[in-house]
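Here is a short set of exercises to work through with the model open beside you. Try each task before reading its solution.

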Amino acid sequence: MIVELGAFALILALVLSIAQTALSAAGARRPLLAGAGEGAAYGAFIALVVTFGALIHAFVTSDFSVANVANNSHTAKPLLYRVAGAWGSHEGSMVLWCLALTGFGAAIAWFGQGLPRDLKARSLAVQGALGALFLAYTVFASNPMARLADPPIEGASLNPLLQDPALAIHPPMLYLGYVGFSVVFSLAVAALIGGRIDAAWARWIRPWTLAAWGLLTIGITLGSFWAYYELGWGGWWFWDPVENASFMPWLMGAALLHSAVVTEKRGALPGWTLFLAIAAFTFSMLGAFLVRSGVLTSVHAFAVDPERGLLLLGILGVAAGGAFALFAWRAPSLSPGGGFKPISRESAMVVNNIVLTAAAAAVMFGTLFPLIREAIDGQTISAGPPYFNLIFVPIMVIGLVLLPFGPMLAWKRGDALGAAQRLGFAALLAVGAGLLTLAVVSPRKALASFGVALGFWLLAGAVAEIGERVRAFRVPWPEVRRRFGGLPRGAWGSSLAHFGLGLFVLGACFETAWKIELAEVMEAGRSVPLGAYELTLDKVGVVDGPNYLAEQGLLTVRKGGKVVCTAEPERRFYPAGGQTTQEVAICYRGLDQVYITLGERRATAQGQPAWLVRGYFNPWVQLIFLGPLLMALGGAVSLSDRRLRLAPGQKSKGGRKSREAAA
Amino acid sequence: MKRLLIALAAFACIAAASDPSERMADPAQEARARNLFRQVRCLVCQNESIDDSTADLAHDLRQVIREQIAAGRTDAEIRAFLVARYGEFALLKPAVSAPNAALWGAPILVLLVGGGLLVLRLRQGAATAALSPDEEARLAQLTREERD
C-alpha cells in the first residue's frame, strides 16, 4: 500500500511540475498565477518527499515485491545500508535527483522574496520544466516502485564496495551539488527571457552557486576518500569517467563563482557569466547521462541499458540546447559593462576563468574524445591518468601561480608593482620551502619540490589576502584592528577557500612524490620495514560479520622500536553476491597515514600459511582531504555573508551598519 | 656515487610494491616495468591500469612486459608491441597524432582563444573614452568603499 502511495506521489509530482511550469510562465505578469505556480512547486517537493519516504520504507522492510528492492537489497544488510540502498541503484538515484530538483524549486519559491516578481516566476517555470523532464523520465523509463509478479524470497544485495558510511552520504551531497546548479541555470534562462542581466542578477545567483559548489566539493571529496580506503590501492583520484563527470561542473562552478563577482561589482562580463551559469548545470546533466548510459566504462557506473541513456541524452539536448540557443539569440544585445586595464582584478578573474575553462575542456576531451574517435574512424583509444597529468596539471599550475595576485589587485586598474611587493614575503616563503624540500627530503625530486613551493605560495597568498584587506603594515595598528573586525564574511570565505586549495596542492604533491609502497608475503610473526616504520604480522583470525565472513590480520606498527598503533585489515567475503573485498586499516600519524591491506592467502617456501600484505606510507595525505573540506567551509562562510541575503536596495545601508557595529 | 644510491633507493621502493611472486630480481628493471604498467590499460577491467588491477589478464600482461624488459627491449619497443597486439586502446596515454589532434589541442586552443578574447576586450575598453577627472575621483572613492 505504501509503495503504491509512493508511486502515486511520483506521478503527482510530475503533474504538479508541469502545472508549476505553466502557471509560473503565465504568472510573470499575473501575481495570482505566480502564487499558484509557487504552490505547485511546494506541492511537487512534498509529493517527492512522500515517494522518497515510501522507497526508504520499502528498503528498510525488505519488501522484495518491489523490483528495485529485490535487485539492490538483502535482509542481512545493516540498517544504514538498507536505507542508503534507496539511492544506491539507478532508479533510486533518479528519485534522489528529482527530490533535489523539486527541493531547489521550492527553495526558489521560499527564499526568493528579494527577487523581482517576473524573474522569480520565470525561474520557477524553468525549474518546473527541468523537474517535469526528469520526473517524466523517472516515471516512464525507470520507475523505482515497479512491482514484481513473482517476488523472490531474498534480494540480490548491494555491491559490498558500496556498503560504506562515506558512500552512504556521498550521493546525497553530490546530487545536491549537481542539482544546485539547476537554480543558477533557471535564473540564467529566466534572465535571458526577461532580457535584464545586471549586477543585481549576479548577486542573486551567487548564494546558489556557492551552495551548489560547496556541496559538490564535499561530495567529490567524500567520493575520493571512499575510493582511497575502499578500493585498497592507496590512490585517491583515478581520472575515471565518473569522477570526471563530477569534476567538470565543479570547475565550471568555480569559474562562475569568480565571474559572478566581476558582474556584480563591475557590471562587466554579463554574457560570460550567463554562459557559465548555463554550462555548469549542462555539465551536471552530462554527468548524469555518462554515469547511466553505459557509454563509458568506469568503476562507479550504474549498469543500465543504452536505451535509457539515449532518453537522458534527449533531455540533455532539449534543456541545454534550448538554453544555449536562447543565449546565442539574446547575448549579442548585452552591454559589455565597464572597461578595465590589463593589470586589474577583472583581468585576474578573466585569467582565472580562462584557466578553469581550459582545464574543464581537458577533462571533457579526455573523457569524451575516445567516444568521438570511435565514431569517426572506429579506432578505440584510451585517455587515462598519463594524459591528464600532461595536459590538465600544467594548465592548472599556470592558474595557481597567478592566483595570489588576483586579490592583491584593485578593480579596474591595479598596481602590479605594489601587488608583487605585498606578495614578496609569500614568494620568499614559497621559494624557501621548495628549496628546503629539495635539500632535505629524499629522494630528491625537483618537480615535487616545485609543487611544495606552489602549495606554500598559495597558503601565504591566502594569508596575504586578509593582510591586504586590512591594510596591514600600511595603516596604524588600531585602524588595522578595526578593519579586521569589519571584514565581510565573503573576504574570509575567499581566503579560506584559497588556503584550502594550497593545503590540497601541498598534500597532493607530497603524497604522490614521496609515498612508500610495500608488498610482501608474510607469515605470522614476520616483520618488514616500511620507510621509518616496521610492520609485524602478529596473527590472522576469522571474523563473522553481519553479512560477510572475513579473515582479519592483526598487525603491529612500530617506529624506532616503539609501538605506534595496531592495524586490523580484513579480507571480506560476501556470500550474498559472491564478492570478495578488502577492508583497509589506516594508522593516522599526524598528517601522514600508514595504510595496510590484507591480500590473498599464500604459502611460504616451507609450506606455512602466509598472506600477501600491502603497506603504504602516505605522507601528508590528510591534506588532500582536509584542503577541499576547507574550501567547502570557505564557501559556507561566504554564503553566510549578510550582503547575500539582503535585497540590493538595502545593501549599502546594511553593509555600513554592520561595519559600524563591528567597529 | 651518493646520487646513484639515492636513485637506487627510489627504484627499490617503487619496485617493492608489486606482488613479490612476480617481481624481477633487478630493482632498476622492476622500476621500469612498474612505470610501464601505469601506462597500460587492463583491457578487460572497468578502467584500471594493469598496475592496479588484480585481473588475470593484467597479471599476464605484467608478465609479458617483464619478459620483454628482461630480453632487453626498450620502453618504446614494448609500447609498440602492445599497440600492434591490442591496438591503441591498450595505452592510457594516447598517441600525439593527427586523428588525436582535437584531444591534445582543444585545451590549449581554449587557452589561446581565451587569451585572445581578453586582449580584444582590453583593447575595446581602452578605446572607449577615458574618464573625466571628476569621474576618476568618484571612482577612487567607490573602489575604496568596495574593498573595505
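A residue is buried if 20 or more other C-beta atoms lie within 10 Å of its own, exposed if 12 or fewer, and partly exposed in between. Keep in mind that this is a predicted model.

**Exercise 1. Burial of a threonine**

Task: Decide whether A:Thr282 is buried or exposed, and place it in the chain.

Solution: Start with the count. A:Thr282 has 21 C-beta neighbours inside 10 Å, so it counts as buried. Next, find its element: A:Thr282 sits in helix α10 of chain A, which covers residues 270-293. Finally, look along the chain to A:Thr367, 85 residues away in sequence; the two C-alpha atoms are separated by 15 Å.

**Exercise 2. Backbone outliers**

Task: Work out what is unusual about the phi angles of A:Leu269 and A:Arg471, and compare their surroundings.

Solution: First, recall the background: most residues other than glycine have a negative phi, and most peptide bonds are trans. A:Leu269 is not a glycine, yet its phi is positive at about 55°. A:Arg471 also has a positive phi of about 55° without being a glycine.

Second, locate them. A:Leu269 belongs to the loop between α9 (241-266) and α10 of chain A, while A:Arg471 lies in the loop between α16 and α17 (477-486).

Third, apply the burial count. A:Leu269 is buried because it has 27 C-beta neighbours inside 10 Å. For A:Arg471, 15 other C-beta atoms lie within 10 Å, so this residue is partly exposed.

As an extra, check the peptide bond from A:Ser442 to A:Pro443: it is cis, with omega near 0°. A:Pro443 is in the loop between α15 (424-440) and α16 (446-469) of chain A.

**Exercise 3. The nonpolar cores**

Task: Find which residues have the most contacts inside the largest nonpolar core.

Solution: The largest nonpolar core holds 199 residues, and A:Val184 and A:Leu251 have the most contacts inside it. Take A:Val184 and leave out residues up to four places away in sequence: its contacts are A:Ile205, A:Trp208, A:Thr209, A:Ala212, A:Ala277, A:Ala280 and A:Phe281. There is also a second, separate core of 23 residues, which includes A:Met522, A:Val557, A:Leu598 and A:Trp611.

**Exercise 4. A covered strand**

Task: Describe how strand β1 of chain A is covered and paired.

Solution: β1 spans residues 516-522, and six of its seven residues are buried. Its partner is β10 (residues 609-618) of chain A; the two run antiparallel and are joined by seven bridges. To check the register, note that A:Leu518 stands opposite A:Gly615 in β10.

**Exercise 5. Where the chains meet**

Task: Say which helix of chain B gives the most to the side that touches chain A.

Solution: Begin with chain B itself, which has six helices and zero strands. The contact brings together 39 residues of chain B and 46 residues of chain A. α1 (2-15), α5 (101-127) and α6 (133-147) of chain B each supply at least two residues to this side. α5 gives the most, with 11 residues. Sorted by class, the side of chain B that touches chain A has 21 nonpolar, 11 polar and seven charged residues.

**Exercise 6. Confidence**

Task: Find where in chain A pLDDT stays under 50.

Solution: Chain A averages a pLDDT of 90, and 95% of its residues score at least 70. Over residues 647-663, however, pLDDT stays under 50. The model has 15 contacts beyond four places in sequence for that stretch.

Methods:
Residues numbered from 1 in each chain as written. Chains lettered and ligands numbered in written order. Predicted model: local features only at pLDDT ≥ 70, side-chain atom pairs only at ≥ 80, totals over all residues. Core = buried A, V, L, I, M, F, W, Y, C linked by C-beta atoms within 7 Å. Contact = placed C-beta atoms within 7 Å. Helix = DSSP H or I, 4+ residues; strand = E, 2+ residues; numbered from the N terminus. Pairing = 2+ DSSP bridges. Nonpolar A, V, L, I, M, F, W, Y, C, P; charged D, E, K, R; others polar. pLDDT = per-residue confidence, 0-100.
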